[in-house]
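Grab a pencil and open the viewer: here are some short exercises, each with a worked solution. Try each one yourself before reading on.

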Amino acid sequence: MTNLLQSAVIKVRTLEPGDNAVYQRLWLQGLTEQSSFFRSAPEDDPAANIPTRFTPDSFTLGAFFERELIGIVSLERDHRVKLRHRALIFRMFVRPSAAGGGVGKMLLQELMRLAQGIAGLRYTYLTVLASNQRAIGLYSSLGFKAFACEPGAVNIDGSFVDELQMACQLSAALQ
């Protein structure tokens with residue numbers, strides 16, 4: 001699919017409740033086929049519904065190739081009064097057949113563009129397994145900086161993997 005993506009138009013849009021079934025299929029595919037890249041397992045959330053509230057500060061984006069959902073990412077603004085200046089980016093996944101085609105970058109660029117428009121939001125942050133060098137490279141290329149590492153944070157089939165926390169100041173993003 002990667003060769004097709006290079007000449008195709010990928011559309012990124014905010015997902016709606018009606019997209020839940022295609023979202024579930026893609027997210028569960030990620031958790032099962034790419035389990036070494038995630039801190040979650042399918043058993044953690046068997047319903048695997050779209051995890052956001054469909055509001056301007058709690059949304060999930062989807063990347064579509066033709067009519068097929070090939071990538072997802074979510075943003076949730078912290079609701080606590082003293083923490084409303086930040087938002088969590090989570091549940092990012094691009095179908096392996098689309099990897100390397102720029103889909104992840106498109107999703108994150110659109111997410112950051114939308115985040116820039118949220119009044120009072122200053123930072124986005126995320127977690128990523130230290131073993132996922134491809135994702136770390138993508139996040140770093142968009143202005144994210146690692147600020148903490150939790151050693152042995154995630155147990156993947158008996159191997160303990162470090163988890164990085166990364167953040168991006170919105171005024172520095174997209175420059």
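**Exercise 1.** Find which residues Phe144 touches, leaving out residues up to four places away in sequence.

*Solution.* Keep in mind that you're working with a predicted model. Start at Phe144 and collect every residue with heavy atoms within 4.5 Å. Once the sequence neighbours up to four places away are dropped, you're left with Ile89, Met112, Thr124, Leu126, Tyr139, Met166, Ala167 and Cys168.

**Exercise 2.** Place Phe144 in the largest nonpolar core, and work out which elements build that core.

*Solution.* First, the core itself: it has 32 residues, and Phe144 joins Ile89 and Tyr139 as those with the most contacts inside it. Next, the elements: S2, S3, S4, S5 and S7 each give two or more residues, and so do helices H3 (103-116) and H4. Of these, H3 gives the most, with six residues. Finally, look elsewhere: another core, of twelve residues, lies apart from this one and includes Tyr23, Trp27, Ile50 and Phe93.

**Exercise 3.** Write down the strand order of the sheet, then explain why one side of S1 and of S6 has no neighbour there.

*Solution.* Walk across the seven strands: S1-S2-S3-S4-S5-S7-S6, an open sheet with mixed pairing. S1 (10-14) and S6 (145-156) are at the edges with a single partner strand each, so one side of each stays without a neighbour. From one strand to the next, the twist averages 25 degrees.

**Exercise 4.** Describe how S1 is joined to S2.

*Solution.* The two strands run antiparallel, and five bridges link S1 to S2 (residues 58-65). Take Ile10: its bridge partner in S2 is Phe65.

Notes. Residues numbered from 1 in each chain as written. Predicted model: local features only at pLDDT ≥ 70, side-chain atom pairs only at ≥ 80, totals over all residues. Heavy atoms only, no water. Pairing = 2+ DSSP bridges. Helix = DSSP H or I, 4+ residues; strand = E, 2+ residues; numbered from the N terminus. Axes fitted to C-alpha atoms, helices over the stretch in contact; angles between N-to-C directions. Core = buried A, V, L, I, M, F, W, Y, C linked by side-chain atoms within 4.5 Å. Buried < 20%, exposed > 50% of the residue type's maximum accessible area, 1.4 Å probe, protein only.
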